[in-house]
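Open the model in your viewer and keep the selection tool at hand. The stops below say what to select next and what is there.

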Amino acid sequence: MPVRVSEFTWQQTPAEVFLSLPLRGVCVRDADVFCGESYLKVNFPPFLFEVFLYAPIDDGSSRAKIGNDMILFTLCKKEPVMWETLSMPSVDKEMMQRIREKSILQAQEKAKEATEAKSAAKREDQRYALGVMMKIEEEERKKIEEMKENERKKATRELEAWKECQRQAEEQTRIPRKEKCQRGKQAEERGALKPPSLPSKAPPPRLPQRGRNWENIFSEKVKEDGIPAPRSAGSIQISFTPRAFPTALRESQLAEEEEWLHKQAEARRAMSTDLPEFCDLKEEEKNPDWLKEKGNKLFATGNYLAAVDAYNLAIRLNRKIPLLYLNRAACHLKLRNLHKAIEDSSKALELLTPPVSDNASARMKAHVRRGTAFCQLELYVEGLQDYEAALKINPANAFVQKDAEKIRTIIQGTALKSHD
């Protein structure tokens with residue numbers, strides 16, 4: 001049986017009632033407070049305090065402050081009048097039970113309404129976020145369509161210009177051919193007007209005699225042809241100007257970039273916050289981006305286990321964000337969980353598709369971290385393959401080049417020892 005507390009003090013104004021209740025040395029965390037319109041209860045085992053109020057109060061505006069082994073209530077009256085007593089006079093057990101049950105039902109209804117309002121606000125936020133995302137995607141689609149239309153118009157203009165050049169060239173070649181045909185017709189007409197004449201016997205051709213100058217019979221023809229001497233060998237220096245114009249559409253990765261942006265948008269919408277295990281989390285703790293930033297800060301301070309916990313919760317909320325797996329792989333490398341680092345790096349590479357310039361840096365980090373884990377497991381050949389894949393993405397990275405050269409040296413040394 002609980003011990004009922006009757007020691008308390010109270011004061012009032014026309015608008016508020018101030019009630020002070022001592023906790024009798026009980027820990028503040030063990031105090032349970034319930035407040036309704038006409039009922040107030042404080043349970044701090046083994047003590048119990050309850051009062052059936054003289055008049056209704058606004059339990060939504062009322063406050064309770066716990067501290068210094070004391071609970072101070074500020075109860076806001078619904079009607080600004082002075083009370084004769086704190087508790088309702090002449091209350092029997094049945095009436096007390098009815099007031100308790102009514103207060104509990106009202107509290108449950110208010111809690112249900114608050115939950116429904118919270119769910120409605122959450123659905124409205126999700127609907128707004130989806131609308132914004134769809135609007136962004138529509139703008140991107142319109143931009144891409146506009147680029148395609150501009151490229152099509154440009155190609156059409158270039159084709160028309162080429163056709164015009166071809167037509168002009170054909171006209172220029174047709175005019176000399178027409179003049180030549182006209183001259184041939186005129187010559188035929190002049191030949192038809194001349195009287196026919198007997199053919200004269202032509203003298204036989206004079207054949208050259210074989211002798212000292214026989215080899216010079218073609219000298220005149222050679223001189224007439226005027227064949228130039230062979231050109232002298234040389235080298236030509238060529239310098240290319242940097243490419244300052246945008247990449248042509250046929251050479252771009254526009255389709256892959258669109259697919260990557262679409263995957264990113266889908267990943268942002270793939271949330272699992274409605275599961276029962278996430279109901280007790282705060283709103284910011286249900287945001288994978290907030291958890292990722294928290295994990296990054298913990299990693300920077302050297303608290304790798306806590307960073308892994310933050311990334312684990314973020315991945316449980318959304319399993320399609322590759323940077324979460326990539327950052328968790330870095331934590332596993334620090335903690336020497338090498339197999340887990342390889343798994344996370346492989347999962348990140350699986351999600352970082354298709355390969356475009358936007359995810360090149362993340363893909364290079366994933367290859368380097370997986371290659372580092374392989375090398376620490378003394379699987380140098382597999383590690384070198386990952387480092388070479390990273391160099392294909394960024395060949396100018398001096399640190400990766402240096403590490404890859406070290407791995408090659410280790411592999412060559414191991415091969416020499418095995419031959420010996």
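Two strands count as paired if DSSP finds at least two bridges between them. Keep in mind throughout that this is a predicted model.

**Stop 1: the sheet**

Select S1, S6, S5 and S4. These four strands make an open sheet, and that is their order across it. The pairing is mixed. Its edges are S1 (3-4) and S4 (32-35), each paired on one side only.

Now keep just S4 and S5, residues 39-44. Four bridges connect S4 and S5, and the sense is antiparallel. Show Val33 and look across: Val42 in S5 stands opposite.

**Stop 2: the rings**

Stay here and turn on aromatic side chains. How many aromatic pairs does the structure hold? There are five. One of them joins Phe34 and Tyr39. Their ring centres are 6.2 Å apart, centre to centre, with 55° between the planes, and the pair is tilted.

Next, add Phe52. The ring centres of Tyr39 and Phe52 lie 5.2 Å apart. Their planes meet at 40°, so this pair is tilted. Where do the two residues sit? Tyr39 is in S5, while Phe52 is in S6 (residues 47-52). They are 13 residues apart, and the pair links distant parts of the chain.

Colour by accessibility. Is Tyr39 buried or exposed? Its relative accessibility is 3%, and buried means under 20%, so Tyr39 is buried. Phe52 is buried as well as Tyr39. Select Phe34, Tyr39 and Phe52 together: ring pairs link them into a cluster.

**Stop 3: three loops**

Jump to the helices further along the chain. The loops between them hold some backbone geometry to check. Most residues other than glycine have a negative phi, and most peptide bonds are trans.

- Select Arg336, in the loop between H6 (322-334) and H7. Phi of Arg336 is near 65°, a positive value in a residue that is not glycine. Arg336 counts as exposed because its relative accessibility is 53%, and the cut-off is over 50%.
- Select Thr353 and Pro354. A cis peptide bond joins Thr353 and Pro354, with omega about -5°. Pro354 lies in the loop between H7 (338-351) and H8 (360-376).
- Select Glu378, in the loop between H8 and H9. Glu378 is not a glycine, yet its phi is positive, about 65°. At 60% relative accessibility, Glu378 is counted as exposed.

**Stop 4: the last helix on the tour**

Select H9, residues 380-393. H9 has 14 residues. From first C-alpha to last, H9 reaches 20 Å, close to the 20 Å expected at 1.5 Å a residue.

Which residues of H9 are buried? They are Gly383, Leu384, Asp386, Tyr387, Ala390 and Leu391. Turn the view to look down the axis of H9. The buried residues fall within an arc of 160°, so they line one face of the helix. On the other side of H9, find Gln385 and Lys392, which are exposed.

**Stop 5: an annotated span**

Widen the selection to residues 364-397. An unreviewed UniProt entry annotates residues 364-397 as "repeat: TPR". In the model, this span is 79% helix and 0% strand. Finish by picking the end C-alpha atoms of residues 364-397: they lie 10 Å apart.

Key
Residues are numbered from 1 along each chain as its sequence is written. This is a predicted model: local features need pLDDT of at least 70, side-chain atom pairs count only at pLDDT 80 or more; totals for chains, interfaces and linings use all residues. Side-chain values use heavy atoms; hydrogens and water are left out. The expected span of a helix is 1.5 Å times one less than its number of residues. Buried means under 20% relative accessible area, exposed over 50%, partly exposed in between (1.4 Å probe, protein chains only). The arc is that of the directions from the helix axis to the C-beta atoms. UniProt positions are given in the numbering used here, feature names are shortened, and annotations may be inferred rather than shown by experiment. Rings of Phe, Tyr and Trp (its six-membered ring) pair if their centres lie within 6.5 Å; planes under 30 degrees apart count as stacked, over 60 as edge-to-face and the rest as tilted.
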